[in-house]
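Q: Please choose one part of this structure and give a close, connected account of it, together with what surrounds it. I am new to this structure, so kindly explain each term when it comes up.

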Amino acid sequence: MRKAIFPGSFDPITLGHEDIIKRGIPLFDEIVIAIGVNAEKKYMFPLEERKRFIEETFKDEPKISVITYEGLTIDLCKKINANFILRGLRNPADFEFEKAIAHTNRELSKIETVFLLTAASTSYISSSIVRDVLRNGGEYELLVPKAVRTK
């Protein structure tokens, strides 16, 4: 079975995340969207709300599940028997950052990272941009799945 983890903070989930997950569905038997908890980070949305946004977005997709976790992503992969980490790439900076993590993960665990390029139509979207638009009263609805548009 090809089981992948799609890790992130998803604060909030964006149309870019949704695109990568939907395009990953045919590649894997199961995708676990794993919301990482970092005690050092200040989030705009509480953990349970971020989880609800994702669950609502993928409620009709049986291959998708959503969990939260702390610690190393490769430890979570081992714990739930995931063979792959799915990641999206928006630009060359993402590639360089993700490449270093992927090499480290493979060295430490033999878990492979699968990269998908974001669609051109969503490549400019990031959670930090969405938060900035939200804080300043902009039209964030254009950047996020319907489940997030309740704020």
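A: Strand 1 (residues 3-8) and strand 2 run parallel and are joined by six bridges. Strands (E, at least two residues) and helices (H or I, at least four) are DSSP runs, numbered from the N terminus. Two strands are said to pair if DSSP finds at least two bridges between them. One such link connects Ile 5 to its bridge partner in strand 2, Val 32.

A word on the basis of this account is needed here. The model is predicted, and local features require pLDDT of at least 70, side-chain atom pairs count only at pLDDT 80 or more, and totals for chains, interfaces and linings use all residues. Residues are numbered from 1 along each chain as its sequence is written, while side-chain values use heavy atoms and leave out hydrogens and water.

The two strands belong to an open sheet of five, arranged in the order 3-2-1-4-5 with parallel pairing. Strand 3 (64-69) and strand 5 (112-117) are the edges, each pairing on one side only. On average, neighbouring strands of this sheet are turned by 30 degrees against each other, direction ignored. As a general matter, strands of a sheet pair through backbone hydrogen bonds, either parallel or antiparallel.

Two helices may be considered against this sheet. Helix 1 (residues 15-24) lies across strand 1, strand 2, strand 3, strand 4 (84-89) and strand 5, and runs at about 115 degrees to strand 5. Helix 3 (residues 73-80) also packs on the sheet, where it touches strand 1, strand 2, strand 3 and strand 4, with its direction at about 150 degrees to that of strand 1. For these angles, axes are lines fitted to C-alpha atoms, for helices over the stretch in contact, and the angles run from 0 to 180 degrees between N-to-C directions. Contact itself means heavy atoms within 4.5 Å.

Within strand 2 (residues 30-36), Ile 35 deserves particular attention. Ile 35 is buried, with a relative accessible area of 0%; buried means under 20%, exposed over 50%, and partly exposed in between, with a 1.4 Å probe and protein chains only. Leaving aside neighbours within four places in sequence, Ile 35 is in contact with several residues, including Gly 8, Phe 10, Leu 47, Ile 54, Val 66 and Tyr 69. Ile 54, on the same footing, touches Phe 10, Ile 13, Ile 33, Ile 35 and Val 66.

These contacts lead to the nonpolar cores, each a set of buried Ala, Val, Leu, Ile, Met, Phe, Trp, Tyr and Cys residues joined through side-chain atoms within 4.5 Å. The largest core has 26 residues, of which Ile 13, Ile 31, Ile 33, Ile 54 and Leu 86 touch the most other members. At least two residues of this core come from each of strand 1, helix 1, strand 2, helix 2 (47-57), strand 3 and helix 5 (127-135). Strand 2 supplies the largest share, three residues. Apart from this core lies another, of 11 residues, among them Ala 34, Leu 76, Cys 77 and Ile 85.

Helix 1 is itself largely enclosed by the rest of the structure, because seven of its 10 residues are buried. The buried residues of helix 1 are Gly 16, His 17, Glu 18, Asp 19, Ile 20, Ile 21 and Gly 24. Thr 14 caps the N-terminal end of helix 1, with a side-chain oxygen 3.1 Å from the backbone nitrogen of Gly 16. The loop between strand 1 and helix 1 contains Pro 12. A cis peptide bond, with omega about 0 degrees, joins Asp 11 and Pro 12.

Two further loops show backbone angles of interest. Most residues other than glycine have a negative phi, and most peptide bonds are trans. Asn 81, in the loop between helix 3 and strand 4, has a positive phi near 60 degrees. Asn 81 is exposed, with a relative accessible area of 61%. Lys 110, in the loop between helix 4 and strand 5, likewise has a positive phi, near 70 degrees.

How values were computed:
A polar contact is a pair of N or O atoms within 3.5 Å; within protein, one must be able to donate a hydrogen and the other to accept it, and residues adjacent in sequence count only if both atoms are side-chain atoms.
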